[in-house]
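Visitor: Please take a close look at one part of this model, the surroundings of the ligand. Which residues are closest, and what contacts do they make?

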Amino acid sequence: MNGPDSGVTGTVTITLDGTNRSLRIPLMPGSIGPSVVDIRKLYNELGVFTFDPGYGGTAACESKITYIDGDEGVLLHRGYPIEELAEHASFLEVAHLLLNGDLPNAAQKADFERGVLRHTMLHEQLRSFFNGFRRDAHPMAVMCGVVGAMSAFYHDSLDINDPDQRRISAFRLIAKVPTVAAWAYKYSIGQPFVYPRNDLGYAENFLYMMNAVPTEPYVVNPILARAMDRILILHADHEQNASTSTVRLAGSTGANPFACIAAGIASLWGPAHGGANEAVLKMLSEIGHVSNIPDFIDRVKDKNSNVRLMGFGHRVYKNYDPRAKIMQRTCHEVLGELGIKDDPLLDLAAELEKIALHDEYFVSRKLYPNVDFYSGIILKAMGIPVSMFTVLFAVARTVGWISQWKEMIEDPSQRIGRPRQVYTGPTQRGFVPLDARG
Ligand code: ACO
């Protein structure tokens with residue numbers, strides 16, 4: 001797991017050629033993974049910035065929450081492998097782990113679950129926010145709006161400097177986001193909102209609010225509830241990805257946690273990030289049949305086509321995404337439970353995966369299936385509409401976002417995030433009056 005340069009200490013010296021200026025820069029080791037070059041003094045001492053668009057080589061913070069080794073396909077939360085958490089823990093145990101640093105004992109678990117469950121209801125006035133949206137609004141648009149609006153309703157937990165208020169905000173977000181998500185769905189199909197039930201588990205309650213109607217009893221299938229719980233675990237956190245970095249950047253200004261999480265939801269929406277599982281299903285239905293795969297692969301490889309194999313590739317993983325393997329297994333379990341013997345989409349996905357894993361284009365670029373390749377197929381089989389896929393991701397990731405936000409606020413070295421740039425525009429010039437412009 002440790003790369004050859006893992007834990008290296010010492011210094012790096014940067015010399016500006018042609019001058020007599022140089023700087024010895026300390027290397028900061030992590031507990032595992034590559035050390036980082038601490039360039040904080042670089043600009044003051046040498047007058048230069050670093051350039052790293054997309055931040056592929058930049059560590060923006062210190063964190064004790066999640067570790068990824070993209071070459072080996074390893075994902076650890078607070079040291080625990082994702083495979084073990086997905087197999088043995090519940091989503092709320094993982095939430096406790098991410099938020100508080102360790103798995104809860106029995107008493108802590110009961111306490112944490114009570115803490116979350118007592119906050120599942122939305123302020124009744126928040127209901128009217130939903131009516132402001134068109135029925136065909138994308139539920140992610142509703143999520144951004146309603147979660148942002150929560151900062152106008154929970155004034156008693158907005159003081160980010162009060163640890164108790166931070167804790168209550170975390171509970172509120174983890175507890176209420178599934179209710180917002182389920183109501184966004186109910187609104188889109190014109191059904192009455194279903195209130196949360198605190199006698200149900202977290203994933204079970206979410207499925208209940210999504211699927212129940214007031215006119216008849218509804219019992220959630222326990223296998224599907226467990227599968228949903230596992231899907232939530234697999235999406236709970238993934239270190240400093242785009243949406244988490246967005247939450248941290250927004251939070252670094254002192255913005256309240258509800259506003260920060262709304263920013264994270266907006267960032268997650270894009271097809272290169274959380275929108276990918278929705279895009280995978282669209283892609284599979286566009287391909288339509290196994291016989292069309294070779295044509296499709298040719299288009300993916302054509303640099304002028306702008307077509308990508310959705311659910312493949314990852315900025316960090318240059319190996320099989322460990323979450324994708326668990327997702328693939330869960331997919332078979334869910335389809336088995338639902339009695340779906342032949343799912344054409346699953347057949348198509350399996351064939352596409354087989355071809356891509358052997359094709360030189362994908363092999364040489366180390367493009368492997370990511371977590372989203374199979375999640376869409378499971379969710380579709382569970383009856384979750386495609387437009388809700390990214391919403392579900394947001395429900396799960398809220399736990400990661402709020403844990404990372406809390407860690408940042410509690411870090412004494414935290415300051416406002418403010419990247420710099422290399423300016424390549426015009427140099428200073430005089431104003432040209434309108435009648436003198438060509
Ligand atoms: N299909 C085809 N080619 C790809 C793909 C893909 N899915 N992903 C990367 N490539 C190619 C690029 O064209 C590029 O080729 P080149 O070197 O010949 O120019 C090379 O692989 C490197 O690609 P980058 O875009 O530099 O990789 P980056 O790390 O910036 O992108 C990303 C990562 C955005 C995830 C990309 O792989 C992608 O678009 N995948 C599809 C969308 C997707 O599944 N996103 C989900 C990510 S996981 C998550 O958010 C939960």
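Guide: In this predicted model, the ligand is surrounded by 20 residues. Arg 308, Leu 309, Gly 311, Arg 315 and Arg 365 are the closest of them. By residue class, the shell around the ligand holds 10 nonpolar, five polar and five charged residues; glycine is counted as polar here, and arginine as charged.

Several side chains place polar atoms at short listed distances from ligand atoms. For Lys 303, a polar side-chain atom is 2.9 Å from an oxygen atom of the ligand. Asn 370 also faces a ligand oxygen atom: an N or O atom of the Asn 370 side chain lies 2.9 Å from an oxygen atom of the ligand. With Tyr 361 the partner on the ligand is a nitrogen atom, and the distance from a polar side-chain atom of Tyr 361 is 3.0 Å. These pairs fall within the 3.5 Å limit used for a polar contact. As for cover, the ligand taken alone exposes 920 Å², of which the protein buries 74%.

Elsewhere in the chain there is an open sheet of three strands, ordered β1-β2-β3, with antiparallel pairing. Its edge strands, β1 (11-15) and β3 (36-37), each pair on one side only. Between β1 and β2 (residues 22-28), the antiparallel pairing runs over five bridges. In one of the bridges to β2, Val 12 has Ile 25 as its partner.

Terms used. Residues numbered from 1 in each chain as written. Predicted model: local features only at pLDDT ≥ 70, side-chain atom pairs only at ≥ 80, totals over all residues. Heavy atoms only, no water. Pairing = 2+ DSSP bridges. Helix = DSSP H or I, 4+ residues; strand = E, 2+ residues; numbered from the N terminus. Near = heavy atom within 4 Å. Polar contact = N/O pair within 3.5 Å; in protein donor to acceptor, adjacent residues only side chain to side chain. Areas by Shrake-Rupley, 256 points an atom, 1.4 Å probe, with all protein chains shown as cover.
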